[in-house]
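Trainee: I am new to this structure and would like a close look at a single part of it. Could you take me through the residues that a database record lists as a binding site, and then show me a little of what else is there?

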Amino acid sequence: MTTTLITNIGSLVTNDPALGEGPLGLVRNAALVLEDEKVSWVGPATAAPAADQAVDAAGRAVIPGFVDSHSHLVFAGDRTAEFNARMSGQPYKAGGIRTTVAATRAASDAELSANVAKYMWEALRQGTTTFETKSGYGLTVEDEARALRIASEHTDEVTYLGAHIVSPDYADDPAAYVKLVTGEMLDACAPYARWVDVFCEKGAFDGDQARAILKAGMAKGLQARVHANQLTYGPGVQLAVELDAASADHCTHLTNADIDALAQGNTVATLLPGAEFSTRAEWPDARRLLDVGVTVALSTDCNPGSSFTSSMPFCIALAVRDMLMTPDEALWSATAGGAAALRRTDVGHLNVGARADLTILDAPSHVHLAYRPGVPMIAEVWRKGVRAV
Ligand code: NIG
Ligand code: FE
């Protein structure tokens, strides 16, 4: 057993209102003790117990590690030319996914695994300590199963997204592809995954297809999450609530009925501002969701097409500036909100018993994440009680 005291913390975000001010449970002049993989003590620095080793935070802020609940890291190649064309006026189309499917199929296991490791390390350096990632660029039984096997070697939060788009091999027979996704492909993929997801969108899967895909996954023991209402209005959000999905992701185009459904259900709305930024799309209305009490998560959606960023600080800055979230709301959504979107209670907060995942910021307050956008601010990252960065 090793204990570590982190002391002289100028402002500590615990996300436990019982421990400090407001929903962030902010404690000033704080300390915490890590014991093996967990937090064992939180309180004022003046009352901190002794420990095997001590870290002086020198008045800086400490926050829970970010929980990035939505990424697509098992891919090869990049889509620089597509991004360049888009920033020169071309619209974003879901069909760009096919470019990455071709590159991913052609890549070796070692290349794909190295890519996942590279982007997860990039995210960790920016304060992310819990990562979800998906398949969805294989779209054959073998390629989807290998994507999930590789993902599962890097994280426990793995999502089967065989229903990303209809495979180009089934362009003439989408029903046969849905049959494959809900049958043989699901059987091969389920052992490696915790979640099942579907891109419910015009040009991808409609509401009935999405319901069939999610229900088949749930019958195999996977839990649902949905790419919903990204490019257009549609049935995705209400389907997510109907099936008690953990999360409806994107939520860019919402009707009043979609917002009512989210407000009444248990499904988290996961907003992905990197996607709006990188596709020059309109911003989701975070205020409308927050003001009726919907739980909102923030995530990167890191993928080579619509959002090639692994930076949660960047997403926080966008959420504050362009989605009208307060800095406190954005920080909560990037930590506790992400944990809620993954139905996790062990991460996303820093109270006794929580996993010892935290970041020391090179700043006196978490507000600086939005106040000083684009400035490297992650001084140290601790994951499971061990310094990782
Ligand atoms: O979440 N919307 C569907 N999937 C991704 C985009 C994938 C891609 O363009 O490669 C997303 O934005
Ligand atoms: Fe996505």
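Mentor: In this predicted model, His70 touches Glu132, Asp249, Thr270, Leu272, Ser299 and Asp301, leaving aside residues up to four places away in sequence. His70 itself is found in the loop between strand E6 (66-68) and helix H1 (80-86), and it is buried, because 32 other C-beta atoms lie within 10 Å, where 20 or more are enough for a residue to be called buried.

One of the residues that His70 touches, Asp301, also appears beside it in the record: the unreviewed UniProt entry lists His70, His72, His227 and Asp301 under "binding site". These residues span 232 residues in sequence, yet no two of their C-alpha atoms are more than 12.0 Å apart, so they gather at one spot.

Another member of that listed group, His227, lies in strand E10, which covers residues 223-228. His227 counts as buried too, because it has 30 C-beta neighbours inside 10 Å. Not counting residues up to four places away in sequence, its contacts are Asp197, Val198, Phe199, Cys200, Glu201, Gly236, Asp249 and His250. Asp249 is thus a residue touched by both histidines, since it is found among the contacts of His70 and among those of His227.

Turning from the listed residues to the helices, we can look at two packed pairs. The axes of helix H5 (residues 174-182) and helix H7 (residues 207-219) come within 9 Å and cross at roughly 15°, which makes H5 roughly parallel to H7. Their crossing is right-handed, and in the contact Val178, Val181 and Thr182 of H5 meet Gln209, Ala212, Ile213 and Ala216 of H7. The residues of this contact divide into five nonpolar, two polar and no charged.

In the other pair, helix H3 (residues 109-125) and helix H4 (residues 141-152) pack at an angle of about 45°, with their axes 10 Å apart, and H3 and H4 are therefore oblique to each other. H3 passes H4 in a right-handed crossing, and here Asp109, Leu112, Ser113 and Val116 of H3 meet Arg146, Ile150 and Ala151 of H4. The residues of the contact between H3 and H4 divide into four nonpolar, one polar and two charged.

Notes
Residues numbered from 1 in each chain as written. Chains lettered and ligands numbered in written order. Predicted model: local features only at pLDDT ≥ 70, side-chain atom pairs only at ≥ 80, totals over all residues. Axes fitted to C-alpha atoms, helices over the stretch in contact; angles between N-to-C directions. Helix = DSSP H or I, 4+ residues; strand = E, 2+ residues; numbered from the N terminus. Parallel < 35°, antiparallel > 145°, perpendicular 65-115°, else oblique. Left-handed = near helix turned anticlockwise from the far one by under 90°. Contact = placed C-beta atoms within 7 Å. Nonpolar A, V, L, I, M, F, W, Y, C, P; charged D, E, K, R; others polar. UniProt positions renumbered as here; feature names shortened; annotations may be inferred. Buried ≥ 20, exposed ≤ 12 C-beta atoms within 10 Å, placed from the backbone.
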